[in-house]
Amino acid sequence: MKGYSNCSANHTEIWSHNLVLALGIPQLIINIASVIFNCTAIITRKAAKDLHKPISILFCNLAFSDLFTSFSGFWISMLFITKPDDTIFGSKDMLAPYALYTTSILSTIYNLVSIGIERYLAVAESIRTRFRIARSHSIAVVLINWVLAFSLGCLPLMGWNCLHTGKNLSVLYSPFCVDYLIFVTTPNVVAAFIVPLFTYLRIIMILRKRKLRMKACGQATGTYKSAEIQVARTSIFIWLLALVSYAPLFAGVIFDAINHQCPLDLYPSVYIFRNCTAMMITMNCLGNPIIYTLKTKTLGAELKSLKCLSGKRLQACTIAGI
């Protein structure tokens with residue numbers, strides 16, 4: 001809409017009942033599945049009694065963020081099924097669920113970034129022995145992540161919205177303003193792509209460097225090669241999951257910013273794409289428990305054993321060379 005004079009203000013019912021059900025029911029099912037998966041991940045972490053570990057706190061908080069995303073996504077899906085036209089023309093009923101959805105997505109992104117940084121620091125710990133990640137550091141990071149997510153995500157509830165003005169109104173996420181969507185998505189989506197990519201590439205480089213050092217000492221490097229392959233595979237899964245999940249959302253915001261058409265002109269293709277982006281974000285919430293509670297847990301144990309093994313072998317190599 002964006003206040004264009006050629007856009008009709010006659011908000012008649014435009015969604016077909018069959019299309020609403022075809023889009024809404026899968027969204028509900030995926031959100032329910034995500035709730036189950038993340039509840040299982042939280043219960044598993046609690047049962048393992050390893051919340052004293054810094055990384056376990058971040059994993060558990062990621063599951064809470066994904067759970068929050070699934071609940072708010074379920075709320076939006078129910079509103080879409082009961083009042084589908086409100087998701088096009090905007091209403092006061094959409095403001096709170098969209099704000100909570102934004103908050104939960106931001107929290108998930110910040111947790112993914114924090115986990116990537118923690119993994120890098122954990123692997124580089126033997127090099128930078130002066131700095132060791134403690135439980136208090138993880139708790140502080142969790143608090144900062146939630147404060148930042150709520151501060152940015154709830155800005156529309158505090159007045160930065162276009163509920164009562166047609167100017168700068170988003171056609172995809174009304175009653176949000178386009179400038180708010182650009183302000184929130186651009187830096188955070190870029191961070192979700194760049195930071196994990198950088199940290200996991202650095203981990204692979206560190207493992208490769210240590211493997212070469214051990215090879216120079218005449219030690220076996222098969223275990224390090226196995227760890228390097230495991231890190232590479234997990235890193236690809238993590239990065240591709242973030243790319244597939246958040247790239248469509250970012251593309252939708254960019255389209256929203258450059259769009260000059262009225263909502264009725266964009267129906268139904270663009271709004272079907274919008275609903276699909278929501279499903280992709282929920283798929284990210286489904287994938288995170290699998291990757292971060294299964295693959296990374298196994299990888300963490302392997303890296304831990306490698307650090308001990310590397311320290312002993314390099315120490316022996318140094319003594320032998322004296």
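These legends accompany several close-up views of a predicted model.

Residues are numbered from 1 along each chain as its sequence is written, and side-chain values use heavy atoms, with hydrogens and water left out. Local features need pLDDT of at least 70 and side-chain atom pairs count only at pLDDT 80 or more, while totals for chains, interfaces and linings use all residues.

**View 1. The whole protein is built from 9 helices and 0 strands.** Helices (H or I, at least four residues) and strands (E, at least two) are DSSP runs, numbered from the N terminus. Read from that end, the elements run α-α-α-α-α-α-α-α-α. Of the 322 residues in the protein, 50% are buried; buried means under 20% relative accessible area, exposed means over 50%, and partly exposed lies in between (1.4 Å probe, protein chains only).

**View 2. Helices α1 and α2 pack side by side, with their axes coming within 8 Å.** Here α1 covers residues 17–48 and α2 covers residues 54–82. The axes, which are lines fitted to C-alpha atoms (for helices over the stretch in contact), give angles from 0 to 180 degrees between N-to-C directions. For this pair the crossing is at roughly 160°, and α1 and α2 are therefore roughly antiparallel to each other. Angles under 35 degrees count as roughly parallel, over 145 as roughly antiparallel, 65 to 115 as roughly perpendicular and the rest as oblique. The crossing of α1 past α2 is left-handed, a term for a near helix turned anticlockwise from the far one by less than a right angle (right-handed if clockwise). In the contact of α1 with α2 there are 19 nonpolar, 10 polar and 2 charged residues. Ala, Val, Leu, Ile, Met, Phe, Trp, Tyr, Cys and Pro count as nonpolar, Asp, Glu, Lys and Arg as charged, and the others, Gly among them, as polar.

**View 3. Helix α2 also meets helix α4, again with axes that come within 8 Å.** Their axes cross at roughly 155°, so α2 and α4 are roughly antiparallel to each other. This crossing is left-handed. The contact of α2 with α4 holds 18 nonpolar, 11 polar and 4 charged residues.

**View 4. Following α1, α2 and α4 from end to end gives a check on their lengths.** The expected span of a helix is 1.5 Å times one less than its number of residues. For the 32 residues of α1 that should be 46 Å, and the end C-alpha atoms are 46 Å apart, which agrees. Just after α1, lysine 49 takes a positive phi of about 55°. Helix α2 has 29 residues and reaches 43 Å from first C-alpha to last, close to the expected 42 Å; 21 of those 29 residues are buried, leaving α2 mostly covered. Helix α4 (residues 92–123) has 32 residues and reaches 48 Å, close to the expected 46 Å. It is mostly covered as well, with 26 of the 32 residues of α4 buried.

**View 5. The loop between α5 (135–153) and α6 (178–216) contains proline 175.** The peptide bond from serine 174 to proline 175 is cis, with omega near 15°. Most residues other than glycine have a negative phi, and most peptide bonds are trans. Asparagine 168 also sits in the loop between α5 and α6, and has a positive phi of about 65° although it is not a glycine. At 27% relative accessibility, asparagine 168 counts as partly exposed.

**View 6. A cis peptide bond joins tyrosine 267 and proline 268.** Omega is about 0° for this bond. Proline 268 is found in the loop between α8 (263–266) and α9 (269–321).

**View 7. Phenylalanine 255 and asparagine 284 can each be placed beside a residue from elsewhere along the chain.** Phenylalanine 255 belongs to helix α7 (residues 222–258) and counts as partly exposed at 28% relative accessibility. The C-alpha atoms of phenylalanine 255 and valine 171 are separated by 9.7 Å, with these positions 84 residues apart along the chain. Asparagine 284 lies in helix α9 and, at 1% relative accessibility, counts as buried. Asparagine 284 and isoleucine 238 are 46 residues apart along the chain, and their C-alpha atoms are separated by 9.6 Å.
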